[in-house]
Amino acid sequence: MAQMEKSTGAEKEVRPRSVRVVLMALMIAMLLAMLDNMIIGTAMPTIVGELGGLAHLSWVVTAYTLATAASTPIWGKLGDMYGRKGVFLTSIVIFLIGSALSGMAQDMSQLIGFRAVQGLGAGGLMVGVMAIIGDLIPPRERGKYQGMMAGVMAVAMIGGPLVGGSITDHWGWRWSFYINLPLGAVALAMVTAVLHLPKKERRRDARIDYLGAALLTVGITSIVLVTTWGGTEYDWDSAVIMELIALGVAALVGFVFVERRAAEPIMPLHIFRSRNFTLMSVIGFLTGFVMFGAVLFLPLYQQSVQGASATNSGLLLLPMLLSMMVVSLVAGRITTDTGRYRIFPIIGGALMVIGLFLLAQMDTDTTRLTSGLYMAVLGAGMGFLMQITMLVAQNSVEMKDMGVASSSTTLFRTLGSSFGVAIMGAVFNNRVLDTMAERGAAGTGAGGAAPDQPAQLDAASLAELPAAVREAYQYAVSSGTHSAFLLGSAIAVLGLVAAFFVKEVPLRGAGAPAAPAAPPVPEAAGAGKTA
């Protein structure tokens, strides 16, 4: 009890008067991490045209993703050990160095290497933002600011492709990377000037768990490569994929063994003894699975079947993102006012199941209004889940484990997105190819030219196809999205089931109800016992 009161008191003391100014700086840093891949995607054709290396194009994204995922838990632990602010500023500097070097790349191999440096910094950006917010704002009051975080995600997804295309057309592709420098400089200056956290005692007797970090990095890298290469670069049953799976499993088993004995584990296993933390990790993984699958296939369906323009691909997601932002804001306010949150993962899980099932019903005759309404239902479900998962996870651990809790939750969501894109993508591609073959259109240019990526035709290319081939292709894409979203709906059911087991543990922070006189549940204080 005393420990919890001490933590809460510290939180109140360190909250700066200019908390919104601090949050603005953190949101800029968060925007950098989320906006990057959105901007770079539209610049890819121009980059390949100048640097060449088409065969290695996918590595421009893969190198960034690998570095981000592998470094995420390490950044979280370093923040816990040596202080949040310094570690966060370091990640911003590394990200900006990687951005500057990427803009100066002279060939594709250099660009891939520099993108890895950039991803290394990006891994610390998201974790740093979440952990600092966890230190700065008590969970009970954090709902007031949830709309800001959801808004940043919406801006990145909607504005990224538009900004990337405009920058590439008017300033050249190198400015797709250089644009990070002024934004990053503003974030760096603001964080340095206005962020004041309590000084963390450096654990002089503690040593970084290098072996655990190495094993976790190998395990995460293997998982990401399996989900990236499986079904595209290599067949799922190929020797390369099987070897990567075996390497990943062996590394993760070794990691668990090492962490149980390490003095300062990279990912302390005791945090998973908390029922709520474990459930939030599972729900975060499943949310990432279905969310990024939806973000991938919705624009593709709208471009291929409904004839929408690729340049406005971000705007196509507006119904989902706007719904997500509004619901996240409302749920946050209710959580702050009442201290209640258990119902939100349940409602969110149910809406995700319904939304994905509705999206699975889309066909070649579905109107944009109808698909927009379906997307809004899915977005509402995500709005109930996106910030609540991090909030409950952070509330389930002690303050000293805030960094590893934030990084673990972020990591599970990232891994979920990798699995979602890979598995839903495999189901989609197989269904499209099978449907094209059934209709006798394979090899006609609609899919035969690129069997591994059968649905890459835009509206202009579709218009040039013979009517019969075009109709067959559009039918195949709608069949593929039906199968992919149906799978997503089934996966979302697992998240809904998990949500029913979440326990309503009082949130730390100001405004907590004074009525319950019983001692706090151990989970809220992070005692590590199962709730």
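Which helix is Ala 43 found in? Ala 43 is in helix 2, residues 19-51. I will come back to that residue after an overview.

What we have here is a predicted model. The chain has 19 helices and zero strands. It runs to 531 residues, and 55% of them count as buried. If we take the contacts with a separation of 6 or more, 83% of them are between residues 24 or more positions apart.

Now, confidence. The average pLDDT for the chain is 80, with 83% of the residues scoring at least 70. Among the elements, helix 15, residues 343-359, has the highest mean, at 94, and helix 1, residues 2-14, has the lowest, at 43. There are also stretches to treat with care. Residues 442-455 have a pLDDT below 50, although in the model this stretch makes 25 contacts beyond near neighbours in sequence. Residues 511-531 are likewise below 50, with 37 such contacts. Where pLDDT is low, the predicted coordinates should not be read in detail.

Back to Ala 43. Its relative accessible area is 0%, so Ala 43 is buried. Leaving aside neighbours within four places in sequence, Ala 43 is in contact with Thr 168, Trp 173 and Ser 176. Take Thr 168: along the chain it is 125 residues from Ala 43, yet the two C-alpha atoms are separated by 6.0 Å.

Next, the nonpolar cores. The largest has 103 residues, and the members that touch the most others are Leu 26, Phe 88, Leu 298, Met 320 and Phe 485. For Leu 26, contacts outside its neighbours within four places are Phe 88, Val 129, Ile 132 and Ile 133. A second core, separate from that one, has 17 residues, including Ala 213, Ile 220, Val 226 and Met 267.

A quick check on helix 5, residues 108-136. At 1.5 Å a residue, its 29 residues should span 42 Å, and the end C-alpha atoms are 41 Å apart, which agrees. Helix 5 is also mostly covered, with 21 of its 29 residues buried.

On to the aromatics. The structure holds 10 aromatic pairs. In one of them, Trp 175 and Tyr 178, the ring centres are 5.4 Å apart and the planes are at 80°; that is over 60, so the pair is edge-to-face. Both residues lie in helix 8, residues 175-178, three residues apart, or about one turn of the helix. An α-helix has 3.6 residues a turn, so residues three or four places apart point the same way. Trp 175 is partly exposed, at 38% relative accessible area.

Another pair is Phe 297 with Phe 428. Here the centres are 4.9 Å apart and the planes are at 40°, so this one is tilted. The pair links distant parts of the chain, as Phe 297 is in helix 12, residues 275-304, and Phe 428 is in helix 17, residues 402-438, 131 residues apart. How buried are these residues? The cut-off for buried is under 20%. Phe 297 has 3% relative accessibility, so it counts as buried. Phe 428 has 2%, and it counts as buried too.

Two last items on rings. Trp 59, Trp 229 and Tyr 234 form one aromatic cluster. And the charged end of Arg 261 sits over the ring of Phe 257, 4.0 Å from the ring centre.

That is what I have.

How values were computed
Residues are numbered from 1 along each chain as its sequence is written. This is a predicted model: local features need pLDDT of at least 70, side-chain atom pairs count only at pLDDT 80 or more; totals for chains, interfaces and linings use all residues. Side-chain values use heavy atoms; hydrogens and water are left out. pLDDT is the predictor's confidence in each residue, from 0 to 100. Helices (H or I, at least four residues) and strands (E, at least two) are DSSP runs, numbered from the N terminus. Contact means heavy atoms within 4.5 Å. Rings of Phe, Tyr and Trp (its six-membered ring) pair if their centres lie within 6.5 Å; planes under 30 degrees apart count as stacked, over 60 as edge-to-face and the rest as tilted. Buried means under 20% relative accessible area, exposed over 50%, partly exposed in between (1.4 Å probe, protein chains only). A charge sits over a ring if NZ of Lys or CZ of Arg is within 6 Å of the ring centre and within 35 degrees of the ring normal. A nonpolar core is a set of buried Ala, Val, Leu, Ile, Met, Phe, Trp, Tyr and Cys residues joined through side-chain atoms within 4.5 Å. The expected span of a helix is 1.5 Å times one less than its number of residues.
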